[in-house]
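Open your viewer and get your selection tool ready. We will take a short walk from stop to stop, with something to look at each time.

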Amino acid sequence: MAASVFCSRTSMLCRSLRGLSCGKNVLSASSRSCVLLQTASYNPRPLKLNLREPYIPDKDSPKTPEWQKTVRYDAKLFGRYGSASGVDPATLWPSDEELERIIEDEKQWQPPLETMQRDIEARERAEAKKRLEKEKLIAANMAKMPQMIADWRREKREAKQKMKEEKARRAKLLVEARERFGFAVDHRSPKFLQMVAELEKEEKKKKKLLKRRLREEQAAAPTVAPPVTPPAASS
C-alpha cells in the first residue's frame, strides 16, 4: 500500500517538472519571435545626404561655417573633385607676398645641400677651435697647479697663524680687562669693546710718535761726504 502511494506521488512530481520545462521553452520561443518581428518591421528614416554629387558649400549662405569659406578648403575641394568642385585653380595660386614668404621659409628650414654642408663644416671648425682652446686652458692650469697648491697651503698657514695670534691677543685683553675692572668681562660686552678701542687708539698714537722720532733722528744725523778720488797723475 505504502509503495503504491510513493510511486504515484513520484510520477505526479515528474509530470509537473516536465510541464514547467515545456512552459519555459514556449516562453523563450515566443520572445525570440517578438524580437524578429520588431526587427523586420523597423523602417529607418532616409538620410538627408546626397552621396552621388560632391558637396559644394554655399559661401553666401550664413549657415555655412567660416572654415568652409577659406582658400584652404577650396584647395581641398579642388584636390578631391577637380573641376566638378567649381573652384578656379588660378585663385589657389599664392600671391607674390605669399610666394616670397614660402621661398624664405624653404631657404631657412629646407636649405640646399651645399649650404647644409658648409654649415656643418663651419660648426665642426668652431667646435674643434673651442675644444683646442679648452685643452690649452687645462694644460696651462695644470702647469700652474703646484704653485697654486703651495699658495693655498701658505694662505692656510697664515690664516691659522693669524687666528692663533688673534686668540692670544683676545686672551691678553681679557686678562687686562679683568685687572682693570676687577672682574671677568665678556669679550662681547660694551665695556670690553670700549677698552679695546681705547687701547688701539693709544697704540696708534705710540706708533705715530715712534715714526716721528725716527724721522727726527734721521734728520739730525750728520751726513758723511763721499770720499774724493785724487786725479790720476799725468805721465
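The stops below follow one helix, its end, a core and a ring pair.

**Stop 1: the helix and its kink.** Keep in mind that this is a predicted model. Select residues 113–181, which make up helix α4, and centre on M145. Here the helix has a kink of about 45 degrees, shortly before the proline P146.

**Stop 2: a patch around the kink.** Stay with M145 and add I138, M142, M148 and I149 to the selection. Together these five form a nonpolar patch on the surface, with about 450 Å² of accessible area. M145 itself has a relative accessible area of 33%, so it counts as partly exposed.

**Stop 3: the end of the helix.** Now move to G182, which follows α4. Check its backbone: phi is positive, near 85 degrees.

**Stop 4: the core.** Select L173, A177, V185, F192, M195, V196 and L199, the seven residues of the largest nonpolar core. Both α4 and α5 (190–220) supply at least two residues each. Which helix gives the most to this core? Colour by helix and you will find α5, with four residues.

**Stop 5: two rings.** Finish with W67 and Y73. The structure holds one aromatic pair, and these residues form it in an edge-to-face arrangement, 5.4 Å centre to centre with 90 degrees between the planes. Turn on the surface and ask of each partner: buried or exposed? W67 is exposed because its relative accessible area is 52%, whereas Y73, at 12%, counts as buried.

Methods:
Residues numbered from 1 in each chain as written. Predicted model: local features only at pLDDT ≥ 70, side-chain atom pairs only at ≥ 80, totals over all residues. Heavy atoms only, no water. Patch = residues over 30% accessible without salt bridge, like charges linked within 9 Å, V, L, I, M, F, W, Y side chains within 5 Å. Areas by Shrake-Rupley, 256 points an atom, 1.4 Å probe, with all protein chains shown as cover. Salt bridge = Lys/Arg side-chain N within 4 Å of Asp/Glu carboxyl O. Buried < 20%, exposed > 50% of the residue type's maximum accessible area, 1.4 Å probe, protein only. Bend = angle between axes of the 7 residues up to and from the residue. Phe/Tyr/Trp six-rings, centres within 6.5 Å; stacked < 30°, edge-to-face > 60°. Core = buried A, V, L, I, M, F, W, Y, C linked by side-chain atoms within 4.5 Å.
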